[in-house]
Amino acid sequence: MSTSERVDSQKAPEPVGLYPHARRVGNLLFLSGVGPRERGTKKIPGVELDAEGNILSYDIEKQCHSVFRNVRYILEDAGSSWERLVDVTVYLTDMKKDFPIYNRLWAEYFKDNPPCRTTLEINRLPTPIAIELKCIATIGDE
């Protein structure tokens, strides 16, 4: 049985619980859920919150750019790359409103070699974000 190696990025936002950014098993890299937060802060690009922390408004385009950047940070810090993504599960909190923008940006980011993809609408995420990605990539020699 293969053992797994923990991967923690110094560029991606800190996890909101007790889990690594990713784990490597053989030549596969499994990323924990990645959102659009910025490292070292609670700031979420494009999100406006009220005094109680409820979402007043958000910009899904800014969140998409940020979450893609965070995934790239983790992949690169683990020795993989954007082009080596093979499977992505995407969680959106408002499919009807956000899917067209997210889908357009996805096509721009993955125009050459898109990974497999599943997109789901969920009620909410652990922080006031509108998108989260769960990814699998290859790593090492092929």
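**Exercise 1. Work out how much surface the chain exposes, and what share of it carbon and sulfur atoms supply.**

Step 1. In this predicted model, the chain exposes about 7900 Å². Carbon and sulfur atoms supply 50% of that area.

Step 2. Now flip to the inside: 39% of the 142 residues count as buried.

Step 3. Next, the overall dimensions. The C-alpha trace spans about 45 × 30 × 25 Å along its principal axes. A compact globule with 142 residues would have a radius of gyration near 14 Å, and the chain's 15 Å agrees with that.

**Exercise 2. Sketch the order of helices and strands along the sequence, and find what share of the contacts join residues at least 24 apart.**

Step 1. Count the elements: there are 2 helices and 8 strands.

Step 2. Put them in sequence order, and you get β-β-β-β-β-α-β-α-β-β.

Step 3. For the contacts, start from those between residues at least 6 apart in sequence; 68% of these join residues at least 24 apart.

**Exercise 3. Find which residues of the largest nonpolar core touch the most other members, and which elements each supply at least two of its residues.**

Step 1. A bit of background helps here: in soluble globular proteins, nonpolar side chains tend to be buried together.

Step 2. The largest nonpolar core has 29 residues, and the ones touching the most other members are Leu 31, Val 71, Leu 85, Ile 131 and Leu 133.

Step 3. At least two core residues come from each of strand E3 (28-31), helix H1 (60-77), strand E6 (85-92), helix H2 (95-109) and strand E8 (131-138). The biggest giver is H1, with 7 residues.

Step 4. Zoom in on Leu 133. Skipping residues up to four places away in sequence, Leu 133 touches Ser 32, Gly 33, Val 34, Val 67, Phe 68, Val 71, Val 88, Thr 89 and Val 90.

**Exercise 4. Identify the buried residues of H2 and trace the aromatic cluster.**

Step 1. H2 buries Asp 98, Tyr 102, Leu 105 and Trp 106. Their cover includes strand E5 (55-58), H1, E6, strand E7 (116-121) and E8.

Step 2. Go through the rings and you end up with 9 aromatic pairs. One of them, Phe 68 with Trp 106, is edge-to-face, at 6.4 Å centre to centre and 65° between the planes. Phe 68 is in helix H1 and Trp 106 in helix H2, so this pair ties together parts 38 residues apart in sequence. Both residues are buried.

Step 3. Widen the view: Phe 68, Trp 82, Phe 99, Tyr 102, Trp 106, Tyr 109 and Phe 110 make up one aromatic cluster.

Step 4. Add the charges. Arg 117 has its charged end over the ring of Trp 106, 5.0 Å from the centre. Over the ring of Tyr 58 sits the charged end of Lys 97, 4.0 Å from the centre.

**Exercise 5. Decide whether Ala 130 is buried or exposed, then list its contacts.**

Step 1. Locate Ala 130: it's in the loop between E7 and E8.

Step 2. Apply the cut-off: buried means under 20% relative accessible area. Ala 130 has 1% relative accessibility, so Ala 130 counts as buried.

Step 3. Leave out neighbours within four places in sequence, and the contacts of Ala 130 are Tyr 58, Ile 60, Gln 63, Tyr 91, Leu 92, Thr 93, Asp 98 and Leu 125.

Step 4. For a distance check, take Val 71, which is 59 residues from Ala 130 along the chain; the two C-alpha atoms are separated by 16 Å.

Terms used
Residues numbered from 1 in each chain as written. Predicted model: local features only at pLDDT ≥ 70, side-chain atom pairs only at ≥ 80, totals over all residues. Heavy atoms only, no water. Core = buried A, V, L, I, M, F, W, Y, C linked by side-chain atoms within 4.5 Å. Buried < 20%, exposed > 50% of the residue type's maximum accessible area, 1.4 Å probe, protein only. Helix = DSSP H or I, 4+ residues; strand = E, 2+ residues; numbered from the N terminus. Contact = heavy atoms within 4.5 Å. Phe/Tyr/Trp six-rings, centres within 6.5 Å; stacked < 30°, edge-to-face > 60°. Lys NZ or Arg CZ within 6 Å of the ring centre and 35° of its normal. Rg over C-alpha atoms; globule rule 2.2 N^0.38 Å. Areas by Shrake-Rupley, 256 points an atom, 1.4 Å probe, with all protein chains shown as cover.
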